[in-house]
Amino acid sequence: MPLRPGWLLPDGQTRQTTRLTALGAATPVDPLVSRSGILPGSTDGTYRVSGLSLTGSGPMTATVHSGRALVQGRPEQGAYPVALDGDTVLAFGDGDPLAPRIDLVVLRVYDDEFDSLTRHEAVLEVLVGRPSATPSAPPAPAASLPLFTVRVKPGTSAGTGGIDWTGGDLTDLRTTVASVGGILPVYNNAGVPGSYPGQYQDNDTAHHLQRWSGTAWVAYPKEIGGVAPQGALTVGGYTGQYREHNGVLQRWNGTAWANYQPPVEVETTTTGAAALTGWSVVAFDARRSRGLCTMSVTVTRTGTQIDVNSAGNVVNDEQLCLLPAGWRTPVGMEAVAGDGYGCGAAYLSPTGTVTLRTWSSNGALVPGRNVRVSATYILP
């Protein structure tokens, strides 16, 4: 078996083995213990993890392909760098006649100095599970890295077609490691806690970079104020954090998510209205919010009295004032007008001109009287 363990043999570690097992990878678990796992990468960069992959090579055999890994023993043992520099075939026993079983494939380190098993080597082992109606994989031994589980159905053998390698009998258990301070590419280990606040991992399933906060992995864009996508958060990480929830923007208030109601922006003005000939502007008030504008302008007749005929027509349509830009109706519309003695309709034009067109029958526009024109409309 072409497995090369680093710093394991009692003597004679070759220069080639030293070169192949110089991993430079140690994701810490605590100050003394490193995480066991596979070094990520593939030949062309297509796959996140290709090292120590397993493919079926026969009805009851499979091939483990080359790769490099780190296997942590007990804290006092340290971590063992291991390199598999050639493909290795593993054989699986026939299935039980009545019940299924689950076998476990591990990369295991034997070190007589700590386990007293009189061996100094790294091996690929198939740990045979117990047949059962509800089978489970055997536990991984000390100083080993679980790689795969293989389900062996009742009666499985080379003569019955063997193990269904691509149909669900094979489960990938490999996890990744990276050098301390490096960004860990997540592979079957998204839920493994971080070792220190500020550690990063790239979660390919969730499609975002995550930072360990000390208690949880937090998506880095959310850490700096981004909106968490649908389903990403059940509890907020800080007051003022936002998330998308069923099409509604929600804000974490410290104890619960509340539908976000943006503050209403209101603009007001009292200036800008200009009187036209024969009139003076007494007051102008306008308010707009979310595109809706309410306006009231009061003017006083400074010219001669204008009499209105019995039909209520204002002869020659009297222009009163000009509204300021930004506060004008986008389309021509009628507004109400009155002075306490009579009332009528004024036309508001898109250019801002306010023109009185009708008044009370036989009424008059008397000098000194205030005429108020009011309207509500949608701004462009």
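Strands here are DSSP runs of E, at least two residues long, numbered from the N terminus. With that in hand, a good place to start in this predicted model is strand E8, which covers residues 101-111 and holds Asp-103. Asp-103 is fully tucked away: its relative accessibility is 0%, so it counts as buried. Its side chain has company, too. A polar atom of that side chain sits 2.9 Å from the backbone nitrogen of Gly-129. Asp-103 also forms a salt bridge with Arg-101, with 2.8 Å between the closest N and O atoms. Neither partner shows much of itself, as Arg-101 and Asp-103 are both buried. Setting aside neighbours within four places in sequence, the residues in contact with Asp-103 include Phe-92, Val-126, Leu-127 and Val-128. Phe-148, Thr-149, Val-150 and Val-152 are among its contacts as well.

Several of those contacts lead to the next strand of interest. Strand E10 spans residues 144-152 and is mostly covered, with seven of its nine residues buried. E8 and E10 run antiparallel and are joined by eight bridges. Within this pairing, Leu-107 is found opposite Leu-145 of E10. E10 also pairs with strand E11 (residues 170-172), again in the antiparallel sense, over three bridges. There, Thr-149 has Thr-171 of E11 as its bridge partner. As for what holds such strands together in general, strands of a sheet pair through backbone hydrogen bonds, either parallel or antiparallel.

Back to charged side chains. In general, side chains of opposite charge can pair when their charged atoms come close. How many salt bridges does the count come to? The total is 12. Besides the Arg-101 and Asp-103 pair, one of these salt bridges brings together the side chains of Arg-108 and Glu-125, at 3.2 Å from N to O. This pair ties together distant parts of the chain, since Arg-108 belongs to strand E8 and Glu-125 to strand E9 (residues 120-127), with their positions 17 residues apart. Arg-108 and Glu-125 are buried.

The salt bridge between Glu-121 and Arg-119 has its closest N and O atoms 2.7 Å apart. Are its two residues buried or exposed? The answer falls in between: Glu-121 is partly exposed, with a relative accessible area of 30%, and Arg-119 is partly exposed too, at 29%. Elsewhere, salt bridges with shared partners link Arg-48, Asp-202 and Asp-204 into one network.

Two further sheets are worth a look. One is an open sheet of three strands, ordered E3-E4-E7, with antiparallel pairing. Its edges are strand E3 (54-58) and strand E7 (88-91), each of which pairs on one side only. On average, neighbouring strands in this sheet are turned by 35° against each other, ignoring direction. E3 pairs with strand E4 (residues 61-64) over four bridges, in the antiparallel sense. Thr-55 faces Thr-63 of E4 across this pairing.

The other is an open sheet of four strands in the order E16-E17-E18-E19, and its pairing is mixed. Strand E16 (227-228) and strand E19 (257-259) are the edge strands; each has a single partner strand, so one side of each is left without a neighbour in the sheet. E16 and strand E17 (residues 242-245) run parallel, joined by two bridges. One of the pairings there matches Val-227 with Tyr-242 in E17.

What about cysteines? A disulfide is a covalent bond between the sulfur atoms of two cysteines. Searching the whole structure turns up zero disulfides. Why does Cys-293 form no such bond? The closest cysteine sulfur, in Cys-321, is 13 Å from its own sulfur, which is too far for a bond. Cys-293 has 0% relative accessibility, so it counts as buried. Cys-321 is likewise in no disulfide, and it is buried with a relative accessible area of 1%.

A last stop is a loop. Gly-24 lies between helix H1 (15-20) and strand E2 (37-38). With 59% relative accessibility, Gly-24 counts as exposed. Although Gly-24 and Leu-70 are 46 residues apart in sequence, their C-alpha atoms are 9.8 Å apart in space.

Methods. Residues numbered from 1 in each chain as written. Predicted model: local features only at pLDDT ≥ 70, side-chain atom pairs only at ≥ 80, totals over all residues. Heavy atoms only, no water. Pairing = 2+ DSSP bridges. Buried < 20%, exposed > 50% of the residue type's maximum accessible area, 1.4 Å probe, protein only. Polar contact = N/O pair within 3.5 Å; in protein donor to acceptor, adjacent residues only side chain to side chain. Contact = heavy atoms within 4.5 Å. Salt bridge = Lys/Arg side-chain N within 4 Å of Asp/Glu carboxyl O. Disulfide = S-S within 2.5 Å. Axes fitted to C-alpha atoms, helices over the stretch in contact; angles between N-to-C directions.
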